[in-house]
Amino acid sequence: MERIAIVAGLRTPFCKMGSVFNDVSAQELAAFSVRELLERSAVDPKNIDEVIFGNVGQPADAANISRIIAMLSGVPFTTPAFTVNRNCASGVESVVTAALKIKSGEARFVLAGGTESMSNYPFLFKKELQEILSELSRAKDFGSKLKAIFKLRPGHYSPRIGLQMGLTDPACGLNMGQTAEVLAKEFGITREEQDEFALVSHQRAMQSRDILKEEIVPVIPGTKYKGVVEFDNGVRENQTIEALARLKPIFDRHSGTVTAGNSSQVTDGAVALFVMSESRAKELNLKPMGFLRAFAFAGVEPARMGIGPAHAIPMVLQKAGMTLKDIKAIEINEAFAVQVLACLKALASEKFATDFGYSGLTGSIDRAILNVNGGAIALGHPVGATGSRLILTMLKHMNRKDLSTGLVSLCIGGGQGAAAILER
Amino acid sequence: MKWGPATEVAVFYKVENDIATIEFNHPTAKVNILTSDVIKQFNGFVTQAQNDSNIKVLVIRSGKKDVFIAGADIKEIEGIATSDVGEKKANAGQNVFNHLEDLTIPTVAVIDGVALGGGCELALACTYRIGTFNEKIRIGLPEVNLGILPGFGGTYRLPKVVGISQALTIILGAKTVSGADALKIGLFDRLIMASNIEFEIKKFCDGIKDSSTRKAEFQRKPKGMQAFLDNNFIGHVLTFEMAGKNVRQQAKGFYPAPVKALEVMKETFAAPREKALDLEAKGFGHLVVSDVSKNLIKVFYLTEKFKKLMPPECAALTPRNIKKCAVLGAGVMGGGIAQILSANEISARVKDVNYDALAKGLQAAAKVYHQLVQRRRLKPSQATAKMAKISTTLDYTGFANCDAVIEAVVEKMEVKKVVFAQASKAVAADTLLLSNTSALSVTEMAKSVENPSRFMGFHFFNPVHRMPLIELVYTKETSPQTMADALGLVRRLGKTPIIVKDSPGFLVNRILLAYINEAGYILEEGATVASIDRVMMDFGMPMGPLTLSDEVGLDVGVKVLHILNDAFGERFKPAPIFEKILEKGLLGKKSGMGFYRHRQNRSSNPFIETLRPAKVISQEQLRELSERMIFVMINEASRCLDEGVIDGPDGVDVGMIMGTGFPPFRGGLLRYADQYGIQGVIDVLTSLHERFDAERFKPSTYLLQMAQKRTTFYPV
């Protein structure tokens with residue numbers, strides 16, 4: 001069977017919501033990375049068989065955002081495109097879907113990736129207001145217009161905030177932070193442990209600034225085009241444990257442990273990857289960064305969505321016929337420090353392994369090979385893009401350090417886990 | 001019988017059941033034109049339809065692709081020598097269209113392309129006008145562009161169809177509209193599918209031939225503001241008032257046609273047909289013999305010719321399809337170039353040395369798109385898509401698959417050579433290499449690249465999106481294929497080319513700098529900044545020479561003057577006052593101060609006046625000053641012709657009109673010289689030469705030879 005090669009990738013800087021990319025749509029962000037990837041690789045976009053992007057908060061003005069991205073980036077209109085959404089793992093899903101398409105012979109070269117502009121999540125009207133407004137527009141005479149107008153109340157104008165709704169699980173009614181608190185209590189993970197983890201994320205991201213530049217396309221964002229953005233802007237240079245300790249818990253004011261400091265940042269960003277069959281890469285004279293060896297998705301309880309990786313990781317290891325010892329580097333997305341720590345505890349636990357039938361596959365993970373260039377706590381988590389970023393960052397890291405295997409994993413809002421093994 | 005185009009059968013008639021069709025289909029020309037003869041043929045068929053009692057509907061259409069009727073015969077209009085003849089010609093056309101209008105059966109004009117001037121007027125005389133969904137449809141009355149007014153009933157009928165406010169916009173602004181817009185304003189009654197046109201026409205005709213069908217059912221009722229302006233007395237007064245103000249402001253006293261058209265429309269608005277058409281014909285007769293009209297028609301021919309310019313050696317070559325173009329140097333010019341490329345669906349790869357420069361380029365491009373969005377010419381999403389066609393880089397990545405490179409870096413030969421040497425290595429061996437230099441030697445620059453046969457000057461004018469001219473500068477090595485490719489690109493960008501030989505300052509800047517420099521000398525002698533600019537505005541220039549200098553930057557102008565001074569000597573020595581002003585850093589708009597102060601309100605910069613003797617200049621002297629500034633240009637242009645910088649006077653005139661805004665109603669710089677009289681030009685120059693003992697006034701050998709041979713720039 002042919003291997004699935006990932007030959008090149010680029011991403012925009014990841015920038016905090018409402019900051020430098022405030023005026024840039026998710027499709028434009030993605031187009032920056034795609035266009036530059038095409039320019040740098042000198043690949044003729046005619047060769048692209050399909051475009052697949054992951055995106056969670058799909059913009060109302062970009063139905064099937066992948067198609068819009070393709071059109072903005074100079075991909076010929078004859079190339080089809082579709083969009084995938086597996087919430088926080090949408091950026092993995094796009095690569096996996098590309099792989100499946102290639103394996104089944106439906107495509108040989110897929111432009112994949114993920115994009116998210118959390119700055120541009122909409123505020124929505126309440127249903128009541130929507131109904132009054134459509135009544136008003138249907139009203140034929142002055143009387144019925146007036147009648148509709150008199151139905152309006154101040155309360156109708158308070159918007160429903162798209163971002164808040166997106167980060168709340170409708171099945172269990174908890175928002176993502178609250179699910180993190182569930183894990184903190186269950187696994188007995190302290191505030192201190194979490195802050196310590198967050199601090200390391202910032203420190204590592206800071207140290208890797210120049211390394212990460214390799215995967216970043218500098219962007220001069222509109223609509224003002226005032227200056228260039230070259231770096232991820234969520235990384236705090238002088239982050240201290242004291243500063244982290246001063247923050248108030250957000251989701252549980254009194255006994256909570258999850259703060260803005262030990263959670264991932266709400267961020268805008270996009271990633272583009274070339275995924276193709278090994279033979280197509282050879283034909284086009286492109287050297288693969290690495291190959292997708294295996295992937296797995298797991299379902300978990302929605303209220304404990306953060307534990308997803310603890311299930312997806314052993315599953316993907318089993319599929320690949322490997323154990324944790326074979327893995328040389330690991331990225332677990334830092335949705336919340338507590339959620340990563342809970343996964344580490346679970347993976348190291350004999351009982352957990354026996355309970356779920358993962359014996360022999362897992363074990364304790366050496367922190368020295370985990371998220372070595374920092375994670376979402378420092379870099380941010382533009383939900384649809386993060387999965388693709390983990391793959392890109394991991395492949396760059398494996399090439400830099402000449403490592404044979406790498407594993408990336410994410411927890412997924414709604415109660416899932418995703419994991420993929422990359423090899424060279 | 002006399003053979004020739006005038007007697008060719010260009011109109012055809014057929015009857016199917018109860019529907020008669022008159023088809024315009026000129027046997028040899030690509031478009032249909034309403035010559036007197038064609039109108040006569042048409043009239044015969046109208047009579048035929050009238051006399052056939054079986055006919056229920058008369059359809060009028062065209063056998064040409066994308067053209068209904070392109071207009072009246074401009075050659076014929078140009079040949080009209082007296083107002084009487086003009087009036088009679090208008091009357092003749094009007095009578096035919098009246099005949100058409102007076103038919104008792106309904107008439108339908110089917111418009112599947114261009115319907116301008118007389119073509120539009122013919123359609124207006126029909127009961128119904130139906131268009132197709134063809135994007136090539138342009139319908140309107142652009143006569144004032146040629147210095148005349150619609151003479152076949154257009155000024156009378158258009159207000160009846162679309163309302164007075166729209167009619168004034170279209171006629172006074174020489175506006176043409178698309179099919180969709182024509183439907184919106186009520187000029188079209190229906191849009192039909194061209195793919196099934198026979199069926200659609202028949203269906204439409206079947207629907208209207210029943211005498212119970214009322215035209216009113218098709219008519220659009222104006223709403224809101226337009227309804228107010230169109231439907232009551234106060235609205236009319238206001239509309240004419242506003243239109244009058246606009247027209248006077250835009251015509252500046254130079255263009256009589258829109259003023260006359262407004263006057264006619266105001267008088268005929270409520271008049272009976274006979275009287276209205278009579279006034280229209282008189283107005284037409286009055287305008288058609290004016291110098292302005294004759295000149296505008298000549299300029300029209302020139303621009304049509306130059307739009308299609310193709311040297312014989314390139315005629316057989318296919319210009320390459322340019323999909324992606326690199327732009328070297330961002331900034332305002334590079335940004336402008338990137339914008340015009342992206343606007344025409346060419347992907348732009350802009351390179352500069354730092355991100356600030358790149359950001360400036362993107363700002364320049366975004367500003368143009370922003371304006372287009374504000375003027376509703378583009379939707380915001382379209383502007384986004386166009387902007388996404390521009391990518392930026394600090395190195396040469398992405399150059400390998402570029403089809404062309406346009407260089408717009410700082411005007412320094414060393415820098416340009418380095419940049420081209422690098423870029424030519426980053427692109428394919430046959431990639432087109434173009435420099436936007438405004439004065440530097442293209443031949444010298446071409447030495448820095450491998451395969452200089454692909455190298456040319458490609459000189460845009462600022463602001464890129466507004467100025468229609470591109471000066472193509474060839475060297476001895478430039479290949480015909482390169483010329484063909486460059487011409488193809490010019491056309492793709494919707495611009496007009498002139499082709500000039502590589503020579504310092506090329507054509508336009510060389511002539512223009514002689515003019516601006518003269519303004520400097522005059523300033524030095526004591527005229528005020530404002531009076532110098534005023535006198536040239538009065539001549540018809542869109543802005544005065546010193547305002548222009550402020551726009552471009554005095555440093556840029558003086559730099560080019562030095563280049564010209566080095567090449568041509570004494571006559572291009574920068575006016576000493578320029579150097580003094582430069583020393584003070586008064587560059588113009590970009591430094592906030594120049595000949596004017598550029599704040600919220602522009603005002604004269606009092607400092608300038610301190611640099612020279614104060615002197616009061618009389619109106620009489622001012623007139624002489626304008627002659628000085630114009631005649632040094634003529635003198636310099638004649639030298640350009642002598643040196644073969646350009647191969648004819650028409651190129652000079654197109655260059656000056658499109659590159660510098662030289663007033664079109666003057667017919668062009670050299671057309672103006674011809675009209676002034678070559679000997680007269682020489683006399684003025686000679687007396688100036690004697691008075692100032694300055695070389696720049698010495699009449700050129702070329703002029704002197706012309707006077708001797710009693711020839712003019714253009715053949716008589």
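Which residues of helix 26 of chain B meet helix 28 of chain B? I opened the notebook with this one, and I kept in mind that the model is predicted.

**Entry 1: two helices in chain B**

I found B:Met633, B:Ile634 and B:Ala637 on the helix 26 side. Their counterparts in helix 28 of chain B are B:Leu669, B:Leu670 and B:Ala673. Sorted by class, the residues of this contact are 6 nonpolar, with no polar and no charged ones. Next I looked up the geometry. Two packed helices are described by the angle between their axes and the distance between the axes. Here helix 26 (residues 619-643) and helix 28 (residues 669-676) of chain B pack at about 110 degrees, and their axes are 10 Å apart. I therefore noted helix 26 of chain B as roughly perpendicular to helix 28 of chain B, since angles of 65 to 115 degrees fall in that class.

**Entry 2: confidence**

How far can I trust chain B? I read an average pLDDT of 93 for chain B, with 98% of the residues scoring at least 70. The exception I wrote down is residues 1-5 of chain B, where the pLDDT is below 50. Beyond near neighbours in sequence, that stretch has 2 contacts in the model. Where pLDDT is low, the predicted coordinates should not be read in detail. For the complex, I copied an ipTM of 0.92 and a pTM of 0.92 from the predictor.

**Entry 3: domains of chain B**

The domain assignment splits chain B into domain 1 (5-289), domain 2 (320-499) and domain 3 (509-709). I also looked up a spacing: the C-alpha centres of domain 1 and domain 3 of chain B lie 44 Å apart.

**Entry 4: the 6-strand sheet**

I traced an open sheet of 6 strands in chain B, in the order 1-2-3-5-7-10 and with mixed pairing. Its edges are strand 1 (11-16) and strand 10 (190-192) of chain B, each pairing on one side only. From one strand to the next, the twist averages 25 degrees. Inside the sheet, strand 2 (residues 19-24) and strand 3 (residues 57-62) of chain B run parallel and are joined by 6 bridges. I picked out B:Phe24, whose bridge partner in strand 3 of chain B is B:Ser62.

What lies across these strands? I found helix 8 (residues 197-209) of chain B over strand 2, strand 3, strand 5 (107-111), strand 7 (128-132) and strand 10 of chain B. Helix 8 of chain B runs at about 150 degrees to strand 3 of chain B.

**Entry 5: the 8-strand sheet**

Another open sheet in chain B has 8 strands in the order 13-12-11-14-15-16-17-18, again with mixed pairing. Why do strand 13 (390-393) and strand 18 (496-501) of chain B each have one side without a neighbour in the sheet? They stand at the edges with a single partner strand each, so one side of each is left free of a neighbour there. Neighbouring strands of this sheet are turned by 25 degrees against each other on average, direction ignored. I then followed strand 14 (residues 404-407) of chain B, which runs parallel to strand 15 (residues 432-435) of chain B and is joined to it by 4 bridges. Opposite B:Glu407, I found B:Ser435 in strand 15 of chain B.

**Entry 6: where the chains touch**

Last, I looked up the interface: 19 residues of chain A are in contact with 18 residues of chain B. On the chain A side, helix 1 (26-41) and helix 2 (65-72) are the elements that give two or more residues. Helix 1 of chain A supplies the largest share, 6 residues. By class, I noted 8 nonpolar, 5 polar and 6 charged residues on the side of chain A that touches chain B.

Technical notes: Residues numbered from 1 in each chain as written. Chains lettered and ligands numbered in written order. Predicted model: local features only at pLDDT ≥ 70, side-chain atom pairs only at ≥ 80, totals over all residues. Contact = placed C-beta atoms within 7 Å. Nonpolar A, V, L, I, M, F, W, Y, C, P; charged D, E, K, R; others polar. Domains from an automatic or database assignment. Pairing = 2+ DSSP bridges. Axes fitted to C-alpha atoms, helices over the stretch in contact; angles between N-to-C directions. Parallel < 35°, antiparallel > 145°, perpendicular 65-115°, else oblique. pLDDT = per-residue confidence, 0-100.
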